Amino acid sequence: MTDKGTNMTATPSRYRFLLIQGFRLPADSPYLHRKLDGPKEQTVMDYPILAPMLEGVDWEVHGGALTTYGNWPVENRQEFMHSGLARLPIVREACESGKYNAIVLLGGGEPGFHEACEIARPYGIPVSSCAWSQMHVATMLGSRFGVIDLAESHSSYYANLILQHRMDRRCASIRLIYFPHDRPGCPSGRPLHEERAKARAGERSEAVEEAVEQAVAAIEEDGAEVIFMSCSGLFWLQPFIQSRLDEMGWEVPVLHGYKCAISMAKAMVDMGVTASGLKYPGDRPGRRRRKKLV
């Protein structure tokens, strides 16, 4: 039985998740890359891949905050800063509502992740995100991971995420395929949504070919033992890269960011834990340290 207003099951589930998109483009943007309205399943990219993981989960999806920097997808540091700041009021409202026991931040670059953890921790609500989740899952499966990215500006930002998560020693490399998001005055001429359509139709996709090439190079030349993509706009590549590596005989897992983030949220709910109060201290913690090591 389903509540038509929230689209959540009437029988309480162990998991009550809110998925929050990284940002929301204006409805009239020529750079739209996902549906903004309609059934929730249609607004989450790669939902058919995620459906088995969301079975038995009461979940809602928030479309994200409207972009304040322009009407194109986020790609560089300043745009991620805008998106992270805009997402925080959504996180706070979700925590105050009492409806959810975990928050999953969608978007490969996880804008606002640390700040969201700081907001949610006093409510006892764990927060997961794609970069953080993929890095940690990858290090459980292999010694070093390789990242496939889509643009120079995005990879510069993502390299900083790796450092923030203290994963620099576990990262073999960030390798680029050149499929940057279109933006005013800078059309790439290589729209990812067209590459995705080709691949899913069984046609040759240059994005798939280049991603497989870089994945193999990361394995052979850089020592990567696990592969994942940095941007949610690339997550659709996961099954194609995995299939091709399997065909070549490479026994290397290829991760999907949303699947990792949902899995990590489930794990924290199952264990009854959330972020450490020492990493994300409140305004007046009950105990405080006299020394913090960096």
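In which loop is L32 found? In this predicted model, L32 lies in the loop that links strand 3 (15–20) to helix 1 (40–43). Its relative accessibility is 35%, so L32 counts as partly exposed, given that the partly exposed class lies between the 20% and 50% limits. When residues up to four places away in sequence are set aside, L32 touches L25, P26 and A27. A longer reach along the chain is given by the pair L32 and R190, which are 158 residues apart in sequence, with their C-alpha atoms 15 Å apart in space.

With this loop residue placed, the overall fold can be considered. The protein contains ten helices and ten strands. A compact globule of 294 residues would have a radius of gyration near 19 Å, and the value of 19 Å found for the protein agrees with this. Along the principal axes, the C-alpha atoms fill a box of roughly 55 × 50 × 40 Å. Of the 294 residues, 52% are buried. Among contacts between residues at least 6 apart in sequence, 75% join residues at least 24 apart.

The surface and the charges complete this general view. The accessible surface comes to about 14,500 Å², and carbon and sulfur atoms account for 51% of it. The protein carries 34 positive and 35 negative charges, whose mean positions are 11 Å apart.

Strand 7 (residues 145–149) offers a clear case of burial. Five of its five residues are buried, so strand 7 is largely enclosed by the rest of the structure. In a regular strand, side chains alternate between the two faces of the sheet. Both faces of strand 7 are covered, with F145, V147 and D149 buried on one side and G146 and I148 buried on the other. Strand 7 runs parallel to strand 8 (residues 171–176), and five bridges join the two. One of the residues involved is D149, whose bridge partner in strand 8 is L176.

A helix residue makes contact with this strand. T139 has its place in helix 5 (residues 130–141). Its relative accessibility is 18%, so T139 counts as buried, the limit for that class being under 20%. Apart from neighbours within four places in sequence, T139 is in contact with F145, M167 and R170; F145 is one of the buried residues of strand 7. T139 can also be set beside V226: the two residues are 87 apart in sequence, while their C-alpha atoms are 8.2 Å apart in space.

Notes:
Residues numbered from 1 in each chain as written. Predicted model: local features only at pLDDT ≥ 70, side-chain atom pairs only at ≥ 80, totals over all residues. Heavy atoms only, no water. Helix = DSSP H or I, 4+ residues; strand = E, 2+ residues; numbered from the N terminus. Rg over C-alpha atoms; globule rule 2.2 N^0.38 Å. Buried < 20%, exposed > 50% of the residue type's maximum accessible area, 1.4 Å probe, protein only. Contact = heavy atoms within 4.5 Å. Areas by Shrake-Rupley, 256 points an atom, 1.4 Å probe, with all protein chains shown as cover. Lys, Arg positive; Asp, Glu negative; His and termini not counted. Charge placed at Lys NZ, Arg CZ, Asp CG, Glu CD. Pairing = 2+ DSSP bridges.
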